[in-house]
Amino acid sequence: MASMTDRLDFFSRRCAWVNGPIIVGAGPSGLAVAACLKEHGVPSVILERADCIASLWQKRTYDRLKLHLPKQFCQLPKFPFPEHYPEYPTKKQFVDYLESYAKHFEISPRFNQSVQSARYDETCGLWRVRTVGAGAEAGNRSHEVEYIGRWLVVATGENAEKVVPELEGLGGFGGDVIHACDYKSGEAYRGKRVLVIGCGNSGMELCLDLCDHDAFPAMVVRDSVHVLPREVLGKSTFELAVLLMKWLPLWLVDKILLWLAWLLLGNVEKHGLRRPSTGPLELKNTQGRTPVLDLGALAKIRSGDIKVVPGIKRFSSGSVELVDGQALDIDSVILATGYRSNVPQWLQGCDFFSKDGFPKTPFPNGWKGQSGLYAVGFTRRGLAGASSDAARTAKDIGRMWKEETKPAKRPVACHRRCISQI
């Protein structure tokens, strides 16, 4: 039974009844599931905390970014990329594609709606999603809304929040410190000594961009990492892996990829890039660690333009001490330390997601929970995985929608549909 505080809180905010699913997140995952639902005749409402679709791509990525995989593996359901697009679309081209996608399917998210909590109310059998106005509306209680609906689709994705590690002495460093999500171009770092913390795809590409702008990057490589060529004889390495997986077991495909990497890239371990003992595909599937697809950073590492350094011990004013005893004088720090899911911060009373914000049930069955809960975009398999989740989710909800809106059979459910339409 709800407490008196909950009851008063409920009546103090505006309520909106939703015909169809409530989708949290207007990134590629949220757009994909909304489009697939429309194909099944099911309306939906998308809640987005930012003021635009795909805010990660539009506001938290660097200028030189391109899709790392060929476009055919990154398109959303029922809407291919334009034929004139290159094999690896640019950031702008991808954002334009998403804008066209939303326009084509007439998807209009509710922007500046920051979800504070979502929980299933067993008394009425509905989801209650509480939002507050973001941006200019933040802090204004009159902009609090509680959306109530039959289904909840979590589409906030794997990269909702930046990861900022605690580093000893960083507060006293004195120089410029930013996360990779705030990095746009190396132009601001021309002539500077920059420490890039992280050696994933973002860390490697930021170092390459810094070199192109005459900066002097040093890249912290604390863990082992797989580095693969982006293409093999003009063919995408990822596409080759997908093809091989149709005929060969995963462990054998991993061995083939590592052999090709050694053949084309040489021994990267002598440059400070230790390879994990687990193969690249197995590591991606089990731990979500994406292999680095080399776009030219390796050549800069060989030439010494990018310096590879071990883990950090502590920072001091204008310098950093490394675990091997080296001391480097640096001007700026860029944290290419990745992102994480934020689902545990707002989804309440539900054990479908683990503490790290991913479904506990492994792929390919982690898209559906109980009581009308769905997850789209948490497969650790990129946009192709999100599209697959979206299609399954829409088909499942569409089936129930069709049954529950039959006039003679489920009058209670039909009554819920008719309360309001938003």
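Strand β10 (residues 193-197) runs parallel to strand β20 and is joined to β20 by four bridges, where strands (E, at least two residues) and helices (H or I, at least four residues) are DSSP runs numbered from the N terminus, and two strands are taken to pair if DSSP finds at least two bridges between them. The model is predicted, so that local features need pLDDT of at least 70 and side-chain atom pairs count only at pLDDT 80 or more, whereas totals for chains, interfaces and linings use all residues. Residues are numbered from 1 along each chain as its sequence is written, and side-chain values use heavy atoms, with hydrogens and water left out.

Within the pairing of β10 with β20, Val 196 stands opposite Ile 334. Strand β9 (residues 176-179) also pairs with β20 in the parallel sense, over four bridges, and Ser 332 of β20 is the bridge partner of Asp 176. Both faces of β20 (residues 332-335) are covered, with Ser 332 and Ile 334 buried on one side and Val 333 and Leu 335 buried on the other; buried denotes under 20% relative accessible area (1.4 Å probe, protein chains only).

Ile 334 is also among the residues with the most contacts inside the largest nonpolar core, which has 69 residues, together with Tyr 97, Tyr 101, Met 219 and Leu 273; such a core is a set of buried Ala, Val, Leu, Ile, Met, Phe, Trp, Tyr and Cys residues joined through side-chain atoms within 4.5 Å. The elements giving two or more residues to this core include α2 (28-39), α4 (91-104) and β10, and α2 gives the most, with seven residues. A second, separate core of 23 residues includes Val 18, Val 45, Val 145 and Trp 346.

Conventions: Buried < 20%, exposed > 50% of the residue type's maximum accessible area, 1.4 Å probe, protein only.
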